[in-house]
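I opened this one with a fresh page and a short list of things to look up. Here are my notes, in the order I took them.

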Amino acid sequence: MTATRRHVVAAIASLPLALAAAPAALANTTGAADDATAPSAGDSTTEGSRRMRTIYIAGDSTAAQKYADAAPETGWGMALPFFLHRDIAVSNHAVNGRSSKSFIDEGRLAPILEAIRPGDLLIVQFGHNDEKTADPTRGTEPWTTYQDYLRQYIEGARARGARPVLATSVERRKFDAGNAMPTHGDYPAAVRALAEEEGVALLDIQALSIALWQKLGVEETKKYFNWTDTEQDNTHFNPPGAIAVARLVAEQLLARRVLATRDVRRLDDEIPESWITWPEA
């Protein structure tokens, strides 16, 4: 049994309101019957007088599109469209194993900046792989190079009239004597400080997710991560986990006034796991 909506609300109620690119055709698949005609990511058509906006995601494996060979592993970016109005598209460029540095060094930010338009959003969530400081291709230091790379996302989006949004890294599943433990060191604090310094909206997904894992507890959290008969993965999500984290993202986009009430939906609804699909690579 997955956690009810009450679990999620309880987990966050005590906290202050304080991502190779996936093909566009896959980036805004909701699976819901009433979304059968939903436009695909990057579509510039309008609904009424409103221009379609696109939310771009730059990040790592916790957000990335997964394919059939990885099921049931699920990135939260796959579930985000369930909570957005149909005139907001999602273009998920998050890729497994990337850091704020390697994503740029591999040229993955460039196509986002070529496509992004005024009024679009760029959600940036890195940290899991930045922490691998022994790897010179990925590792960054939280208060120096990590912030320096994140500034490139901020500046790139702003130069094109788009809005950057920083997200702290979603927490891993780690418990000590029944207590959910933080695993990201100073990286979340560095994101918080940079967001304040740059005047960028902050989605504090690290704080929100660790509160949710604490509420769910040691055993129940296994149902949100990629625990299978052959794997005990405490970093990546299965469908319930990806849906839960995507809900947190959508709620924070609303709470931070990045999106308006009319832009979001289903925040209080149970989302069927069957809406998650894994296309062939």
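These entries go through the cores, two strand pairings, one helix and the aromatic pairs.

**Entry 1: the cores**

I began by reminding myself that this is a predicted model. I then looked up the largest nonpolar core and found 48 residues in it. The residues with the most contacts inside this core are Trp-76, Leu-80, Ile-123, Ile-205, Trp-213 and Leu-253. Next I checked which elements supply at least two residues each: strands S3 (53-59), S4 (88-92), S5 (121-125), S6 (163-167) and S9 (201-203), along with helices H2 (76-79), H7 (205-220) and H8 (239-255). H8 gives the largest share, with 9 residues.

I picked Leu-253 for a closer look. Beyond its neighbours within four places in sequence, Leu-253 is in contact with Ile-55, Ile-123, Val-165, Leu-203, Val-258 and Leu-259. I also noted a second, separate core of 27 residues, with Ile-116, Tyr-149, Ala-190 and Leu-202 among them. As background, I jotted down that nonpolar side chains tend to be buried together in soluble globular proteins.

**Entry 2: strands**

I turned to S3 and asked how many of its 7 residues are buried. The count is 6, so S3 is largely enclosed by the rest of the structure. S3 pairs with S4 in the parallel sense over 5 bridges, and Ile-55 stands opposite Val-90 in S4. S3 also runs parallel to S5, again with 5 bridges joining them. I looked up Gly-59 too, and its bridge partner in S5 is Gln-125.

Further along, I found S10 (residues 225-227) and S11 (residues 232-237) paired in the antiparallel sense over 2 bridges. A hairpin of 4 residues joins S10 to S11. Phe-225 stands opposite Phe-237 in S11.

**Entry 3: helix H5**

H5 (145-159) was next on my list. This helix has 15 residues and reaches 21 Å from its first C-alpha to its last, close to the 21 Å expected at 1.5 Å a residue. I listed its buried residues as Tyr-146, Gln-147, Tyr-149, Leu-150, Arg-151, Tyr-153, Ile-154, Gly-156 and Ala-157. What covers these residues includes S3, helix H3 (100-105), helix H4 (109-115), S5, S6 and H6. After H5 comes Gly-161, and I noted that its phi is positive, near 75°.

**Entry 4: aromatic pairs**

How many aromatic pairs does a search of the whole structure find? It finds 9. The first pair I wrote down is Phe-126 with Tyr-153: the ring centres are 5.5 Å apart and the planes are at 40°, so the pair is tilted. Phe-126 lies in the loop between S5 and H5 while Tyr-153 is in H5, so the pair ties together parts 27 residues apart in sequence. Phe-126 counts as buried because its relative accessibility is 1%, and Tyr-153 counts as buried at 0%.

I then took Tyr-146 and Tyr-187, which form an edge-to-face pair at 5.0 Å centre to centre with 70° between the planes. Tyr-146 is in H5 and Tyr-187 in H6 (residues 187-198), and the pair links distant parts of the chain, 41 residues apart. Are these two rings' residues buried or exposed? Tyr-146 is buried at 1% relative accessibility, and Tyr-187 is buried with a relative accessible area of 7%.

My last note is on a cluster: ring pairs link Trp-213, Tyr-224, Phe-225 and Phe-237. Two of its members, Phe-225 and Phe-237, are the residues that stand opposite each other in S10 and S11.

Terms used
Residues numbered from 1 in each chain as written. Predicted model: local features only at pLDDT ≥ 70, side-chain atom pairs only at ≥ 80, totals over all residues. Heavy atoms only, no water. Core = buried A, V, L, I, M, F, W, Y, C linked by side-chain atoms within 4.5 Å. Buried < 20%, exposed > 50% of the residue type's maximum accessible area, 1.4 Å probe, protein only. Contact = heavy atoms within 4.5 Å. Phe/Tyr/Trp six-rings, centres within 6.5 Å; stacked < 30°, edge-to-face > 60°. Pairing = 2+ DSSP bridges. Expected span 1.5 Å × (residues − 1).
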